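Got your viewer open? Let's walk through this model together, one selection at a time.

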Amino acid sequence: LIDLPMVLPPSVAGIALLVAFGRRGLLGQYLGVAGIELAFTPAAVVLAQVFVAAPFYIKAAATGFAGVDPELEQAAALDGASPRQVFRYVTAPLAWAPLFGGAVMTWARALGEFGATIIFAGNFVGRTQTMPLAIYQGFEQDLSVALTLAAILLAVSFGVLFLVKGILHRQL
């Protein structure tokens, strides 16, 4: 189930979210009774992006936590640390590089999400439009707009990549 959103075509993910959380969806109809509407809202953008990108973080976190020596955690517990303190002072600091890298990769994947977002959240300017959706719309209407937005996303992507590689390289 964790890997499914990574291999699922984004448009299928959007349909799945719509079937689950749309007004007449499996869960959406009950949320509607409670006054909560998700489809075609800014929350839908976030939900679509989290759905398709979360597996990247989960995989990185699992790798990071698996790399922590259990003996170190046991030693801290034997010295009187509570489970919360063991996590805070031993586990998390030792796993921070994969957690940080996974968070950045998750954000990068979410930043470029298109298919699930346009189907589940729509493309409403100023409300649910993301950069990839704006690039698509710009490509249809004014190529210079699409090229400018694409250049901005490219610059942001390279900047984040260089920053992360620099931070993680120092730690490795």
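Start by selecting Ala97, which sits in helix H6. Keep in mind as you look around that this is a predicted model. Is Ala97 buried or exposed? Its relative accessible area is 16%, and the cut-off for buried is under 20%, so Ala97 counts as buried. Now add Leu168 to your selection. Ala97 and Leu168 are 71 residues apart along the chain, yet their C-alpha atoms are separated by 6.3 Å.

Next, show the whole of H6, residues 83-111. Where does H6 kink? Look at Trp96: there is a kink of about 60 degrees there, shortly before the proline Pro98. Now check the two ends of H6. With 29 residues, a straight helix would reach 42 Å at 1.5 Å a residue, but the end C-alpha atoms of H6 are only 35 Å apart. While H6 is still selected, colour its buried residues, among them Val86, Val90, Gly101, Gly102 and Val104. Ala97, your starting point, is on that list too.

Now bring in a partner. Select helix H5, residues 70-78. The H5 and H6 axes come within 10 Å and cross at roughly 165 degrees. That crossing angle makes H5 roughly antiparallel to H6. The handedness of this crossing is right-handed. To see who touches whom, show side chains: Leu72, Glu73, Ala76 and Ala77 on the H5 side meet Val86, Val90, Thr91 and Leu94 on the H6 side. Two of the H6 residues here, Val86 and Val90, also belong to the buried set you coloured.

Hide H5 and select helix H4, residues 42-66. How do H4 and H6 cross? Their axes come within 8 Å, at an angle of roughly 150 degrees. H4 and H6 are therefore roughly antiparallel to each other, and H4 passes H6 in a right-handed crossing. There are plenty of residues to click on here. From H4, the contacting residues include Val52, Phe56, Tyr57 and Phe65; from H6, they include Phe87, Pro98, Leu99 and Arg109. Notice Pro98 again, the proline that comes shortly after the kink.

Stay on H4 and zoom in on Gln49. Which residues does Gln49 touch, leaving out those up to four places away in sequence? They are Ala110, Glu113, Thr117 and Thr130. Its relative accessibility is 18%, so Gln49 counts as buried. Ala110 is one of the buried residues of H6.

Time to look at the other partner of H4 on this tour: select helix H2, residues 10-21. H2 and H4 pack at an angle of about 125 degrees, with their axes 11 Å apart. That makes H2 oblique to H4. Once more, the crossing is right-handed. Show Ala13, Leu17 and Phe21 in H2, and you'll find that they meet Leu47, Ala48, Phe51 and Val52 in H4.

For the last stop, select Leu38, in the loop between helix H3 (28-33) and H4. Leu38 is buried, with a relative accessible area of 17%. Setting aside neighbours within four places in sequence, Leu38 is in contact with Phe21, Leu31, Ala43, Ala44, Leu47 and Phe120. You've just met Phe21 and Leu47 where H2 and H4 touch. Finally, draw a distance from Leu38 back to Pro98: they are 60 residues apart along the chain, and their C-alpha atoms are separated by 32 Å.

Key
Residues numbered from 1 in each chain as written. Predicted model: local features only at pLDDT ≥ 70, side-chain atom pairs only at ≥ 80, totals over all residues. Heavy atoms only, no water. Helix = DSSP H or I, 4+ residues; strand = E, 2+ residues; numbered from the N terminus. Expected span 1.5 Å × (residues − 1). Bend = angle between axes of the 7 residues up to and from the residue. Buried < 20%, exposed > 50% of the residue type's maximum accessible area, 1.4 Å probe, protein only. Axes fitted to C-alpha atoms, helices over the stretch in contact; angles between N-to-C directions. Parallel < 35°, antiparallel > 145°, perpendicular 65-115°, else oblique. Left-handed = near helix turned anticlockwise from the far one by under 90°. Contact = heavy atoms within 4.5 Å.
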